[in-house]
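Q: Could you take a close look at the nonpolar core of this protein, and set it in the context of the whole fold?

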Amino acid sequence: MYKFCPQCGGRLASRLLKAGEPERLVCTGCGFVFYLDPKLAVISVVPKDGGVVMVRRAIHPGYGLWVVPGGFVDVGEPVEEAVVRETLEETHLTVQVERLLGVYSYRGSPTVVLAFLTQYLAGDLASGDETLEARIFQPGDIPWPEIAFRSTRAALKDYLGMGEMGLGEGRGKTIPPPSPKTPPNPL
Ligand SMILES: [Zn+2]
């Protein structure tokens, strides 16, 4: 947690400024309020050769685990450009945005994830920045237990239209019977 004011270098203290809101870091010298904002990340679901492009992380958190290409949005950067940039950096693939797939956020997590469905345009798949390996997984081969983040898992399931049923959670495993209460996919 931050200790010093970025404006004057004074001590920050936690204060309740408004009932019902979280406590804020307030400078005891100049009164500056240091709001801790969410972090915005983008991820890219790239269909290719009948499967989906995934990369194995070479950094923490989630070192050695699989994700789809993605990363943090820079300040002032349009999110559609960020997802194209991150996909290129991590996979050497040039893509274009097709549509927003979903927005994923979780209680207690600072990161809000925008998942985009992107379309492959050019390039040969290869591991790039911060990635150990890049490859295409067919839907039935997606390594669900080795996926680093729940937002990645949720976005892939939404892309595959799997909903909560968990279909395809690895071949050879028991697939639970569909619940009669599960409504048909409205999309
Ligand atoms: Zn200050």
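A: What follows describes the core and then its setting. This is a predicted model, in which local features need pLDDT of at least 70 and side-chain atom pairs count only at pLDDT 80 or more, while totals for chains, interfaces and linings use all residues. Residues are numbered from 1 along each chain as its sequence is written.

The largest nonpolar core, a set of buried Ala, Val, Leu, Ile, Met, Phe, Trp, Tyr and Cys residues joined through C-beta atoms within 7 Å, has 27 residues, and those with the most contacts inside it are V42, I43, V45, M54, V68 and A115. Two or more residues each come from β4 (39–45), β6 (51–57), β7 (66–67), α1 (79–91), β9 (94–104), β10 (111–122) and α2 (150–159), where helices (H or I, at least four residues) and strands (E, at least two) are DSSP runs, numbered from the N terminus. Leaving aside residues up to four places away in sequence, M54 touches W66, V67, V68, R135 and F137, a contact being a pair of C-beta atoms, placed from the backbone, within 7 Å.

As for the setting, the protein comprises two helices and eleven strands, which follow the pattern β-β-β-β-β-β-β-β-α-β-β-β-α along the sequence. Of its 187 residues, 22% count as buried, meaning that 20 or more other C-beta atoms lie within 10 Å of the residue's own, with C-beta atoms placed from the backbone. Among contacts in the protein with a separation of 6 or more, 58% are between residues 24 or more positions apart.

Definitions and conventions. A residue is buried if 20 or more other C-beta atoms lie within 10 Å of its own, exposed if 12 or fewer, and partly exposed in between; C-beta atoms are placed from the backbone. Two residues are in contact if their C-beta atoms, placed from the backbone, lie within 7 Å.
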